[in-house]
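User: Can you walk me through some of the charged pairs and the packing in this one? Keep it casual.

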Amino acid sequence: MEEFKFVRLSNSNFGLLVRLYQKAFGKIIEEDFLKRKFDTSSICGLKNFGFLAINPNGEAAAFYGVLPCYSVKGEEKVLVAQSGDTMVDPLYRRKKLFVKLAELTNELCKEYNVKAVFGFPNMLSLPTFTKKLGWTHTHSIEAFHAKVSCLPFLKLKKLLKLGDNFFTSYQNKVLKAKSIQVKSFESILSSHEFYTIDRGADYISHKVIPQKYMLTIEGFYLWIKLTPMYLLVGDMSKCSSEGFEKVKSGLKKLCFKLGVPHYRFQTSPGTDFHKMLKSSLSKLENEYPAGGISFDEKFDISNLNFILADNDTF
C-alpha cells in the first residue's frame, strides 16, 4: 500500500474520479454532475467528503466518498452522512484500498462532527462493510408494488422495434406538465420515535434534478422517478390511510397514461408507512440491506429508518 498516495477529494481532482468511474464501472459520467453531487454545502455547509488512492502514475486507483446530510426525529436534528460512491480500478483489487479510504473518510466525518455514516450495500458487499468497516446491518428495506392495467410502452417498443427513447420524450412531457415546485415537505416517514432523513428546502433543491419530479395527487406531494417498468415513488407527504387510497388511485391513472405497468414504494419495516404498504400492496421478494456505523454512542444507528428517496441512486 506504500506505493499509493491518499488525497481528499477536491474541486481540482474530480477529473481523476471521472476516469476511475469509467475503469471501475465501464461508464462515462460528467465531471460537473459529480461536483454537484458531492457539493453538499447547501445542505449542511460541507462538501467533497471522500478520499482517492493515487497510484505512482498519478491516476486514481480507488475512491470512497460520503454525502453529509441531516437526520431528524421530532425537533431533534443530527448531522449524518450517506455512504455514496465506492470504486476500485480492477487492476488494484485486493490491496485493501477500500478499507483504508473508508477509514480516512470516517476520521474526516468525526472531525466535522458527523455522528454516523449510513448506507445500502448490496448482499455481496455487505460482509465487507460489517467485517472490515465495523458496520451494523440494522435491517433490510422492503419493496411493495401494484400492477396497473395499461398498454406497456416497454413491450410495445420491443414489439415494434422502436428506439430506446421513442416514448421517453412523451413521458417526460407528461410529467413536466404535472410537476410543481416544492421547497420542502414533511416526509410520510417522519416521526418522533425514530430518525429519518430531513426533507428541508436545501436538501430538496440539491436532490431534485431532471428525471425526478415533484407532483401532487389529491393534495399530497409525491417525489417520483420513472423507469420503463416502474413509476418509483421516492417519498410523499404525510397522509392518512384514506388519503393513501386516493393517492393509489391517482398513481394508477398516471401509470396508465405513461404506459408503465407498475408503481412501487420502498421503506424500512416497523413503521406506520410500512404497515400501510403491507396492508394494501404486494410485497416484492427482494429486500435491500441497510446499515451503518455510529461515531457517537448517543446516536443509535439502528434507530434510523429509510424510504426509497434516501438512496443516492434515486
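User: Which residue forms a salt bridge with Lys37, with the closest N and O atoms 3.0 Å apart?
Analyst: Bear in mind that this is a predicted model. The pair links distant parts of the chain, with Lys37 sitting in helix α2 and its partner in strand β4 (residues 76–88), 48 residues apart. Both residues are buried. The partner of Lys37 is Asp85.

User: How many residues apart in sequence are the parts that the Asp310 and Arg199 pair ties together?
Analyst: The side chains of Asp310 and Arg199 meet in a salt bridge at 2.7 Å, N to O. Asp310 is in the segment after β12 (282–294), while Arg199 is in the loop between β7 (196–197) and α8 (201–207), so the tied parts are apart in sequence by 111 residues.

User: Is Arg199 buried or exposed?
Analyst: The cut-off for buried is under 20% relative accessible area. Its partner Asp310 comes in at 2%. Arg199 has 3% relative accessibility, so Arg199 counts as buried.

User: What is the distance between the closest N and O atoms of Lys35 and Glu31?
Analyst: Both residues lie in helix α2, four residues apart, or about one turn. In an α-helix there are 3.6 residues a turn, so residues three or four places apart point the same way. Lys35 is partly exposed at 26%, and Glu31 is partly exposed too, at 29%. They form a salt bridge, with the closest N and O atoms apart by 3.4 Å.

User: How many salt bridges does the structure hold?
Analyst: Some of them join up: Lys23, Glu59 and Asp89 are linked in a network. For the structure, the count is twelve.

User: Where are the buried residues of α10 around its axis, on the same side or on opposite sides?
Analyst: The buried residues of α10 (residues 272–280) are Phe273, His274, Met276 and Leu277. What covers them includes β6 (136–147), β10 (231–236), α9 (241–258) and β11 (262–267). The face turned away from the buried side carries the exposed Asp272, Lys275, Lys278 and Ser279. Because the buried residues cover an arc of only 160 degrees around the axis, they lie on the same side.

User: What is the C-alpha to C-alpha distance between Thr40 and Cys69?
Analyst: Thr40 is in the loop between α2 (31–38) and α3 (41–44), and is buried at a relative accessible area of 2%. Its contacts more than four places away in sequence include Leu67, Pro68 and His206. Thr40 and Cys69 are 29 residues apart in sequence, and in space their C-alpha atoms are apart by 7.5 Å.

How values were computed. Residues numbered from 1 in each chain as written. Predicted model: local features only at pLDDT ≥ 70, side-chain atom pairs only at ≥ 80, totals over all residues. Heavy atoms only, no water. Helix = DSSP H or I, 4+ residues; strand = E, 2+ residues; numbered from the N terminus. Buried < 20%, exposed > 50% of the residue type's maximum accessible area, 1.4 Å probe, protein only. Contact = heavy atoms within 4.5 Å. Arc of directions from axis to C-beta. Salt bridge = Lys/Arg side-chain N within 4 Å of Asp/Glu carboxyl O.
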